[in-house]
Amino acid sequence: MNTQANAYAAFAEFYDQLTADVDYAAWADYYISLFSHGGAVPKTLLDLACGSGSLSLELAARGMEVIGVDGSEDMLSLAQEKALASGFSPLFLHQDMRALDLYGTVDGAICALDSLNHVLDTASLAAVFQRLFLFIEPGGLLLFDVNTPYKHRRVLGDNTFVYEEPGFLCVWRNCLLERTGEVEMSLDFFVETEDGLYRRLTDRVRERAYSRRTLERLLTASGFQLLGVYGEGTLLPPAETEDRWVFAARRTEESAVL
């Protein structure tokens with residue numbers, strides 16, 4: 001679901017179980033409300049870093065023509081399986097978000113559930129915004145959410161989390177890199193086999209939390225007009241202890257000079 005595509009080889013197998021508490025229907029309704037608030041509800045919508053497709057399908061169920069793009073073939077395989085079972089048919093494309101290349105333009109775009117935190121340097125993040133500018137219609141909205149520096153330092157930090165589900169155990173260990181605000185994540189999956197033994201699978205993922213100033217600067221430099229920054233699930237300004245910021249920006253007529 002991000003630029004670290006290879007990091008999801010094992011994670012993809014268990015992603016839906018680990019995110020079972022995510023209310024994708026509520027997220028879809030929230031994003032649609034943000035589009036409505038900005039006066040630009042899209043007919044064609046890009047779901048960038050769509051992962052296993054759960055949000056793409058919720059948006060398709062609400063009448064949108066959805067294109068889901070992700071850097072992980074494993075995630076997209078899951079997304080396609082779910083689409084076939086659902087009766088909806090988003091178009092899923094395997095692409096690095098920094099090299100986004102659609103067949104035409106879309107009315108709007110989202111990048112949900114902290115996917116942009118997986119872009120680890122400002123040059124790459126700028127490239128993502130510049131590609132989005134190319135493929136969103138003038139006047140269309142870009143909506144995305146990111147984990148905040150507060151969450152990286154106070155919630156994820158150097159903490160360890162354990163998830164136990166039928167058939168597997170996940171030990172999730174984090175290491176905070178204070179200077180950059182990055183969190184290095186090591187995920188060990190212990191999967192029960194038919195003979196009662198366990199095999200171990202390991203993934204390593206890194207996220208970076210950017211300041212609001214940096215995100216706003218990169219957006220405007222790429223030609224977007226910032227409309228607002230909100231607390232998760234609201235149209236209110238974020239609290240100082242907010243875990244996630246939600247950005248709304250409009251694609252202007254012409255790109256700013258970089």
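A pocket is here an open set of grid points, over the protein atoms alone, with protein on both sides within 12 Å along at least five of seven lines. In this predicted model, the largest pocket holds about 790 Å³ of space. Its lining comprises 30 residues, and Thr19, Asp114, Lys151, Trp172 and Arg244 are those that lie nearest the centre of the pocket. By residue class, the lining of the largest pocket consists of 18 nonpolar, eight charged and four polar residues. Several elements of secondary structure supply at least two lining residues each: helix 1 (11-18), helix 2 (24-37) and helix 6 (149-156), together with strand 6 (160-165), strand 8 (182-192) and strand 9 (198-208). Of the contributions to this lining, that of helix 1 is the most, at four residues.

The nonpolar interior was examined next. In soluble globular proteins, nonpolar side chains tend to be buried together. The largest nonpolar core of the model contains 34 residues, among which Leu46, Leu116 and Leu132 have the most contacts inside the core. Two or more residues of this core come from each of strand 1 (44-48), strand 2 (65-70), strand 4 (106-111), helix 5 (122-135), strand 5 (136-147), helix 7 (212-221), strand 10 (224-231) and strand 11 (244-251). Helix 5 gives the most to this core, contributing seven residues. The surroundings of Leu132 illustrate the packing: when neighbours within four places in sequence are set aside, Leu132 is in contact with Leu46, Leu48, Leu100, Ala109, Leu142 and Phe224. A second core, separate from the largest one, is made up of 26 residues, including Leu55, Ala112, Tyr230 and Val246.

A further site of interest is Arg62, which is found in the loop between helix 3 (54-61) and strand 2. Arg62 counts as partly exposed because its relative accessibility, 31%, falls between the limits of 20% for buried and 50% for exposed residues. With residues up to four places away in sequence left out, Arg62 touches Ala25, Ala28, Asp29 and Ile32. Of these residues, Ala28 is 34 residues from Arg62 in sequence, while the two C-alpha atoms are 8.5 Å apart in space. A polar atom of the Arg62 side chain also lies 3.4 Å from the backbone oxygen of Ala25. In addition, the side chains of Arg62 and Glu58 make a polar contact at 2.7 Å.

Notes: Residues are numbered from 1 along each chain as its sequence is written. This is a predicted model: local features need pLDDT of at least 70, side-chain atom pairs count only at pLDDT 80 or more; totals for chains, interfaces and linings use all residues. Side-chain values use heavy atoms; hydrogens and water are left out. On a 1 Å grid over the protein atoms alone, a cavity is a set of points where a 1.4 Å probe fits but cannot get out, and a pocket is an open set with protein on both sides within 12 Å along at least five of seven lines; lining residues have an atom within 4 Å of a point. Grid points are joined across faces, edges and corners, and a volume is the space filled by probe spheres set on the points. Ala, Val, Leu, Ile, Met, Phe, Trp, Tyr, Cys and Pro count as nonpolar, Asp, Glu, Lys and Arg as charged, and the others, Gly among them, as polar. A nonpolar core is a set of buried Ala, Val, Leu, Ile, Met, Phe, Trp, Tyr and Cys residues joined through side-chain atoms within 4.5 Å. Buried means under 20% relative accessible area, exposed over 50%, partly exposed in between (1.4 Å probe, protein chains only). Contact means heavy atoms within 4.5 Å. A polar contact is a pair of N or O atoms within 3.5 Å; within protein, one must be able to donate a hydrogen and the other to accept it, and residues adjacent in sequence count only if both atoms are side-chain atoms.
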